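Dear colleague,

Please find below the structure that I am handing over to you. A summary of what was found in it follows directly after.

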Amino acid sequence: MNSLQIDVESLGSFAIAHLAGEIDLANAPNIKELLLRAAADGQIAGLIINLEKVTYFDSAGVRMLFTVRRELEQRRQGSAISVPESAPIRSLLKVVGVEDAMPVGSSIEQAYDVLGNILGVPDE
Amino acid sequence: MHFHFFVMVAIVAMYHDWTPFLLAIAYVFLHHGTLGALDPRSVFNHPAAMAHPWRWAAVHAVFIAGISAALLTYWRLNETYVAEQQRAERRARREASIVARLNDIGRRLAGDLDQDHLLQSVVDAAVELGGAEFGAFSYDVTSAIPQRFRHTAVSGDSERANHLPLLLGADMASSWSKAVRSNEGAAAIGLNDPAGVRPELDPEGRIGSYLAVPVRSRDRVIGGLFIGHNETGRFGEDEERILSGLAVHAAAALEVATIFQSERRARERLDTLSRAGEALVSSLDLDSMMQSLSRLVVPAIADSFVADIFDEEGSLRRVIVYVDERIEDASNLNFAAPDLSDETNPVVRSLRSGNTEVFGETTPELLEEMTRSITDPVYKAFVRRISPTSGLIVPLRLRNFVVGAFTVATLRASGRRLGPETRGVLEDLARQAAAAVENATQFAKQRTTAELLQRSLLPHDLPDLPGFSTVARYVPGGPGVGIGGDWYEATVLPDGSVALAMGDVVGRGIEAATLMGQLKNAMRAYALEGHEPGELMSRLNSLLLDQSRNDQMATLVYLRFDPSSGELRMATAGHPPPLLISPNEGARFLDRAAGTPLGAVRGARYEETVNLLSPGSRIVLYTDGLVEARTLPLDEGMIRIHEIASNLGHVGMDTLCEALVAAAPGDGEDDTAVLVFWWHALGERLRFRLAPQPDVLQPLRATIRRWLNDAGARAQEKHEILVAMSEAVANVIQHSRTAAPTFELEADRTDAIRITVRDQGRWLQDGLRPGGRGLQIMREFMDDVDIVKGVDGTIVTLRRSLSNAPIPV
């Protein structure tokens, strides 16, 4: 399945992974690998996962996010999610408690600030 | 005046008896007589009375006697009336309680789908309500062949209970016609039924009273309900009524249970047949293959099974004649295949036409046609005796030739007819068997590697999703021509659009077949990546130029259809143009977009044409074998198929496809492939049968998303419903045992949105555990989540009302 695109860019000491498409049981394991790889560089303090362009997201995606967060934590890296308040997938993140478990911003900038505050990285 | 007279009558009236009356009469007589004699004036004031006091005393006494008699008569009559009323009331109460009990039993029976349990409940109730010691319920289990399939449930003393049904005689259908009652022992019953008199069945006279009622379903006797008692004189009309009432309830419940069981059997039957078909392919021994096939068909769907197969020399051989052993023993028959020159024989007709022959009740003419060429008298008599009541002759077709035929029939003895599903099942079976027969008769040995390769590359299963249907045929060129490179593909892309392709590799043999495989795989990969037709074509062109060694070329038409918009994008590389059949405008060729064959010119550009389809449209893809031959110029061939598409554009997909293939020049020069795609609008109710694999999720969501759009769902609602549905499906994928090859999903929006996921396997322990995330999400996003775990699998039903459910106009 090639229905999902992933682009990675860096912003300061953070990596930003832009996901676009649908995330489900079929591709979640691959996406997890790609996300972990995006933050593989030890210099990277944290990973911002941008879900703005994700059109479908369910518990397979939630499980994947939790795994990524845990694995990054073990590597002493932070993680945050960026997803607009109006996105349909936002309700799911609320229901399953993703918003309580990891920082979620409504924009990349917000996610960046929140994650920066948590990790104590100074604003640039 | 006569005050004392009335007092007397009133007092006497308090007793409803002769004694006070007699006393009163005596008293009046003595009193009036004695006093009248001593002092007539104190009693009488009439001169005549005073003159004869004793005579007048007697007259008074007679008065009293008369009044007494009148009163007594009235009281007696009244008493009888009251007593009768009380009896009637008691009777009504008793009957009401019986009716209530019967209804209660009826209700319980109606919900009971297990036949054995049901029979037992009925007979237990009969014994209890009928005040019997023992009872039996004899039931014609198969509703097919009387006398031999009786199933009996007993209650109480089983030895005596088992005797009961025998007393009515063996032939249920003819002798179990009305209720039979005897209160003088079993030996005395059956007198009104000469066929059933069997006093020796109860020689010791242990059955004192006996009651039997037939159980009828739609005017047919399907069984009998019996109760007995060791004392005589136990059963009357009441008991007969109770038993008759029970019989009515039992018949209704049995009918439901039978329908339920036969439906379940039909499902299992289909599963068995499809599995059997696969198993057949591995067998190489024709006889044992047909043996096992016959046991699958008989008695499950028919009473007899006959297979006629051509052997290597081309002569027809009757491989097997198998009849349900409970009806006739066909094992020692000296049977033979029909004479191929006998064109009236229905099997020969079917073999020649390649069409399924259907016959109903055997007429003398049909029987004559069937048996004319039979030489063995025993076999001839056999066929006449079993007298089929309905039958099907299904040819075994392999591409464009027939390798044999199956004949199945129901026989008079069973009293049943072939079910409506039988034809489809048998034709499926015949399709699979044809391939197996081919292997068995060693056609396979002559098969070249190239053809095997090519066949392996044609899709076995075209996509089957609600909203689309696809039918395809491939007819190879005649013998000696070698293998062509026709191929096709139809697949649902992750975004829910459909990719259709039809290609033809120039050249023949292994090289062509290999290239075909490469092209096809590359096309699939590019299509899945989402490349539009023009871009896809350019890439394939480069690939072909880079990889092929001998300047190989291929033609291809590739279409991508997006059902959410109705947009059809197409690019052509030297391939004849597809036909579009729209519901309103009829058939037309889609404008040919200029395109050079793949592998001809480096850097060639392929233009895309875009058409908007309306729901109900069909697209016909084909290769040049269908429209072109030495004897048929291309444009004439195209006119020919255009005509067929115009005339038959909206008949069944198979019929259309067959008609097109039949129109091929057919001189065996070239192979021919035809694919028809039909886009029909999504209905209110969708049904999917899917493999439990993660990659079904995305196309499924695409279809449901479109369907929710049509229902007017908002973005947020759509997402939440899709997530809830995916959770249910993901659960099946992750937790069902692999034993179940498919699961079912039904989506219904006639009222609210209702999605049902039915899984035939058994879930592992952790499937949808309470408190699990999947369940939590489903509960959060849907109004109702209902999970039923049964023996046969699990059913999850999700329901949600849309906020903007359409307002009735």
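What share of the contacts in chain A with a separation of 6 or more comes from residues 24 or more positions apart? Such residues account for 65% of these contacts in chain A, a contact being heavy atoms within 4.5 Å. In chain B the corresponding figure is 67%.

Before the details, a note on the basis of the values. This is a predicted model, in which local features need pLDDT of at least 70 and side-chain atom pairs count only at pLDDT 80 or more, while totals for chains, interfaces and linings use all residues. Residues are numbered from 1 along each chain as its sequence is written, chains are lettered from A and ligands numbered from 1 in the order in which they are written, and side-chain values use heavy atoms, with hydrogens and water left out.

The two chains

Chain A contains 5 helices and 5 strands; helices (H or I, at least four residues) and strands (E, at least two) are DSSP runs, numbered from the N terminus. Read from the N terminus, the order of elements in chain A is β-β-α-β-α-β-α-α-β-α. Of its 124 residues, 54% count as buried. Here buried means under 20% relative accessible area, exposed means over 50%, and partly exposed lies in between (1.4 Å probe, protein chains only). The exposed surface of chain A is about 5600 Å², with 46% supplied by carbon and sulfur atoms; accessible areas come from the Shrake-Rupley method with a 1.4 Å probe, and for residues only the protein chains shown count as cover.

Chain B has 809 residues, of which 50% are buried. Its secondary structure comes to 23 helices and 25 strands. Chain B exposes about 38300 Å², and carbon and sulfur atoms supply 53% of that area.

The interface

At the interface, 22 residues of chain A are in contact with 25 residues of chain B. The area buried between the two chains is about 2000 Å², with carbon and sulfur atoms giving 59% of it; buried area is the accessible area (1.4 Å probe) that two parts lose on being put together, summed over both.

The rule finds 3 salt bridges across the interface, a salt bridge being a side-chain nitrogen of Lys or Arg within 4 Å of a carboxyl oxygen of Asp or Glu. A:Glu22 forms a salt bridge with B:Arg705, and their closest N and O atoms are 3.1 Å apart. In addition, 12 residue pairs across the interface are in polar contact, both residues being at pLDDT 80 or more. A polar contact is a pair of N or O atoms within 3.5 Å; within protein, one must be able to donate a hydrogen and the other to accept it, and residues adjacent in sequence count only if both atoms are side-chain atoms.

On the side of chain A that touches chain B, the elements giving two or more residues are strand S3 (46-57), helix H2 (59-74) and helix H3 (90-95). H2(A) gives the most, with 4 residues. By class, this side of chain A has 13 nonpolar, 5 polar and 4 charged residues. In this classification Ala, Val, Leu, Ile, Met, Phe, Trp, Tyr, Cys and Pro count as nonpolar, Asp, Glu, Lys and Arg as charged, and the others, Gly among them, as polar.

Salt bridges within chain B

Over all chains, the search finds 41 salt bridges. One of them joins B:Arg76 and B:Glu79, with the closest N and O atoms 3.6 Å apart. These two residues are 3 apart in helix H5 (residues 53-110) of chain B, so about one helical turn separates them. B:Arg76 is partly exposed at 45% relative accessibility, and B:Glu79 is partly exposed at 40%.

B:Glu128 and B:Arg101 form a further salt bridge, the closest N and O atoms being 2.8 Å apart. This pair links distant parts of the chain, with B:Glu128 in helix H6 (residues 115-129), B:Arg101 in helix H5, and their positions 27 residues apart. B:Glu128 is exposed, at a relative accessible area of 52%, whereas B:Arg101 is partly exposed at 32%.

A buried aspartate in chain B

B:Asp308 belongs to strand S6 (residues 304-310) of chain B and is buried, with a relative accessible area of 0%. Its side chain makes a polar contact of 2.7 Å with the side chain of B:Arg318. Not counting residues up to four places away in sequence, the residues that B:Asp308 touches include B:Leu316, B:Ala337, B:Val347 and B:Gly404.

Yours sincerely
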